[in-house]
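Let's walk through this model together, from its overall make-up down to individual side chains. Keep the viewer open as you read.

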Amino acid sequence: MPGEETAKTRRGWLQQTALAAGAAAFATQKASAQTSETPGWQHFFPPAFRNERIKTSGAEINAVIGGSGPPVLMFHGAPQSLITWRLIAPDFAKEFTLVMCDLRGYGDSSKPADLPDHSSQSKRPMALDGVEVMEHLGYRQFNVVGHDRGGRVARRMALDHPDRVLKLAVMDIVPAHYLYSHVTIDFVQAYFHWFNYLRPAPGPENELKAANDAQMAKATSDVQREYLRTMCRIETIHAMCEDYRASASIDLKNDQADIKAGKKIQCPLLTLWAATGAMGKLYDVLGIWKDEGVNVSGKGLPGNHSLQESAPQETLAELQRFLRA
């Protein structure tokens, strides 16, 4: 089958090379990563926070957990990891139990094997990972906060597991099915990577590997180095590209089925976005999300796409207000 052959080609490439340079370089890099790298989360969160690796039915999820009070599951975006919450976590954890996860394929979570339809890195199993992580920790119901790709996973969770999600907050996104069905030149120019990463492996992967290695060589902060520590790994880069490929294929099929069935998000939903960023300029963010749920609120905030890093106090205040209500 053509799809099976394509999947075999991708798997073979991942096993043999990090770049076109060949298998030896990849083997050396992988061995070095396993022996010399240590997760950097402990440098960014309070001492009382703890790290746990939790096996789900399809992955092994790296999580950092801290705080007390009602549980909040938190998902990062691309190309980031759970340290994206480092600026708001200390105060947020004073009244909520935070479960901050590296999405499958990202950070220090496991990287799924390829499937021909990209479904191993699609939002449905990623959402199920989160449900199973929270079940493992003893939480059957919980709040969810997701930024960027993590917001897309959180949205899928609220649709697939409405009995689990009490409240949902998504940050600086509109649903992917809306974007792909409303393609404009402005969207393409602002989000070129959405299309670039859809090209077959290993083209985008090799380009990103070279670019990330160059960034690591001149990184000047611990935060940059920690993000790049995992994003210089070819397997992480490939998983991220598969995430985007899934968004333009299997995820769209799942969304279309929900739309046809009239399915909407039932829990309270908060959407936050960068008021002067691309989302805020190009789209009626709140209006689009009101078509997705039955109880939707939101507002634009100062800062850039990563609101939790560029406007942490404003972002924290809105999340606290929403979850306290």
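The paragraphs below go from the whole chain to its cores, its salt bridges and its enclosed spaces.

A word on the ground rules: this is a predicted model, so local features need pLDDT of at least 70 and side-chain atom pairs count only at pLDDT 80 or more, while totals for chains, interfaces and linings use all residues. Residues are numbered from 1 along each chain as its sequence is written, and side-chain values use heavy atoms, with hydrogens and water left out.

Start with the chain as a whole. The protein chain has 16 helices and 8 strands; these are DSSP runs (H or I of at least four residues for helices, E of at least two for strands), numbered from the N terminus. Of its 325 residues, 55% count as buried, where buried means under 20% relative accessible area, exposed over 50%, and partly exposed in between, with a 1.4 Å probe and protein chains only. The accessible surface comes to about 13,600 Å², and carbon and sulfur atoms hold 55% of it; areas come from the Shrake-Rupley method with a 1.4 Å probe, and for residues only the protein chains shown count as cover. Among contacts (heavy atoms within 4.5 Å) between residues at least 6 apart in sequence, 74% join residues at least 24 apart.

Now go inside. The largest nonpolar core has 55 residues, and the members touching the most others are Leu73, Phe75, Val144, Met157, Leu168 and Trp289. Such a core is a set of buried Ala, Val, Leu, Ile, Met, Phe, Trp, Tyr and Cys residues joined through side-chain atoms within 4.5 Å. Another core, of 31 residues, lies apart from the largest one and includes Val64, Trp85, Met100 and Leu323. Trp289 is a good residue to click on: beyond its neighbours within four places in sequence, its contacts include Arg155, Val170, Ile173 and Leu269.

Next come the charged pairs. The structure holds 28 salt bridges, each a side-chain nitrogen of Lys or Arg within 4 Å of a carboxyl oxygen of Asp or Glu. Where does the salt bridge between Lys123 and Asp251 sit in the chain? The N to O distance is 2.6 Å, and the pair links helix H4 (residues 123-136) to helix H12 (residues 250-261), 128 residues apart. Lys123 is buried at 5% relative accessibility, and Asp251 is buried at 7%. For a local pair, look at Arg321 and Glu318, which meet at 3.3 Å, N to O. Both lie in helix H16 (residues 312-324), 3 residues apart, about one turn of the helix; Arg321 is partly exposed at 44%, whereas Glu318 is buried at 11%. There is also a salt-bridge network linking Arg124, Arg155, Arg156, Asp160, Asp255, Asp258 and Glu292.

Finally, the empty spaces. On a 1 Å grid over the protein atoms alone, a cavity is a set of points where a 1.4 Å probe fits but cannot get out, and a pocket is an open set with protein on both sides within 12 Å along at least five of seven lines; lining residues have an atom within 4 Å of a point. Grid points are joined across faces, edges and corners, and a volume is the space filled by probe spheres set on the points. There are 3 cavities of 30 Å³ or more, and the largest has a volume of about 110 Å³. Its lining includes Lys123, Arg155, Arg156, Asp251 and Asp255. The second largest pocket holds about 320 Å³, and H10 gives the largest share of its lining, 4 residues.
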